[in-house]
Amino acid sequence: IFYLHYHSCFRTLCCKGPPPPRPEYDVVCIGLMGSGKTSLLSRLCSEATDNIVPTTGFSIKAVPFQNAILNVKELGGADSIKKYWSRYYQGSQGVVFILDSASSEEDLEVARTELHSALQHPQLCTLPFLILANHQDKPAARSVQEIKKYFELEPLARGKSWILEGSTVDNMDMVKESFGQLIHLLEEKDHEIGRI
Ligand SMILES: Nc1nc2c(ncn2[C@@H]2O[C@H](COP(=O)(O)OP(=O)(O)OP(=O)(O)O)[C@@H](O)[C@H]2O)c(=O)[nH]1
Ligand SMILES: [Mg+2]
């Protein structure tokens with residue numbers, strides 16, 4: 001009886017301690033202007049989204065998830081900022097690329113070019129990518145399958161770790177789920193480095 005009591009006391013004390021610190025990862029978030037980067041990141045931080053303006057320069061948010069914290073650096077998508085994106089890649093451990101699935105053919109082409117250069121950039125090419133085909137709520141949105149084909153992801157990103165998911169600001173559960181998959185890839189990479 002004493003043992004049982006002692007045991008449950010021990011458990012009570014230990015199990016109610018502070019939770020272990022969550023790992024943090026530095027992630028860069030890119031995508032054309034209006035693709036929804038700030039909207040999705042603000043929602044993930046439970047911030048209001050009614051007064052969002054285009055990002056000038058960059059903006060950093062610590063986005064909390066159950067098992068990790070992502071320090072996400074969003075780089076503005078305007079043409080004047082886009083040309084400097086690569087200056088801000090250093091130190092990133094993962095990449096989030098957001099695109100507007102309902103944009104014009106022309107803009108989609110630009111998004112594809114940008115994604116391809118990110119996937120091939122020396123500072124990003126070995127990192128896990130989360131690609132979100134956003135604006136899926138719009139009738140004109142291309143499906144995730146169409147985007148995958150159009151962006152030639154399978155041939156180009158072969159051998160890399162990437163995730164492509166549809167998204168919309170109206171379904172944040174799905175967005176959280178997609179970020180969860182990215183966190184899983186970041187953790188795997190962390191363990192790989194630990195083994196070397
Ligand atoms: N219908 C719809 N609108 C969206 C979605 N995501 C974002 N928007 C809208 O798109 C507009 C631009 O969103 P932002 O979050 O500012 O886009 P951004 O990628 O941060 O743009 P920059 O900072 O200029 O690079 C806003 O009016 C959002 O409300 C979506 O999934 N569906
Ligand atoms: Mg923005």
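Let me start with Thr 38. In this predicted model, Thr 38 has 22 C-beta neighbours inside 10 Å, so it counts as buried; the cut-off for that is 20 or more. Thr 38 sits in helix H2, which covers residues 37-44.

What does Thr 38 touch, once neighbours within four places in sequence are left aside? The contacts are Ile 52, Thr 55 and Glu 74.

One of those partners, Thr 55, is the next residue to look at. Thr 55 lies in the loop between H2 and strand E2, and that strand takes in residues 58-64. Is Thr 55 buried or partly exposed? With 18 C-beta neighbours inside 10 Å, Thr 55 counts as partly exposed, because being buried takes 20 or more and being exposed takes 12 or fewer. Again leaving aside neighbours within four places in sequence, Thr 55 is in contact with Thr 38, Glu 74 and Gly 76. Glu 74 therefore appears in the contact list of Thr 38 and in that of Thr 55, with contact meaning C-beta atoms within 7 Å.

Now the reason for picking these two. An unreviewed UniProt entry gives the feature "binding site" at Thr 38 and Thr 55. The two positions span 18 residues in sequence, but their C-alpha atoms are no more than 7.6 Å apart, so they gather at one spot.

On to ligand 1. How many residues surround ligand 1? There are 20, and the closest are Gly 36, Ser 39, Pro 54, Thr 55 and Gly 77. Thr 55, then, is a residue with the UniProt annotation and is also among the closest to the ligand. Which element gives the largest share of this shell? That is H2, with 3 residues; H2 is also the helix that holds Thr 38. By residue type, the shell around ligand 1 has 12 polar, 5 nonpolar and 3 charged members.

Last, the chain as a whole. The protein has 7 helices and 6 strands. Read from the N terminus, the order is α-β-α-β-β-α-β-α-β-α-α-β-α. The C-alpha trace spans about 75 × 45 × 30 Å along its principal axes. The protein has 196 residues, and 32% of them count as buried; Thr 38 belongs to that buried group. Taking contacts between residues at least 6 apart in sequence, 72% join residues at least 24 apart.

To recap the main point: Thr 38 and Thr 55 carry the "binding site" feature in the UniProt entry, and they are in contact with each other.

Methods
Residues numbered from 1 in each chain as written. Chains lettered and ligands numbered in written order. Predicted model: local features only at pLDDT ≥ 70, side-chain atom pairs only at ≥ 80, totals over all residues. Helix = DSSP H or I, 4+ residues; strand = E, 2+ residues; numbered from the N terminus. Contact = placed C-beta atoms within 7 Å. UniProt positions renumbered as here; feature names shortened; annotations may be inferred. Near = placed C-beta within 6 Å. Nonpolar A, V, L, I, M, F, W, Y, C, P; charged D, E, K, R; others polar.
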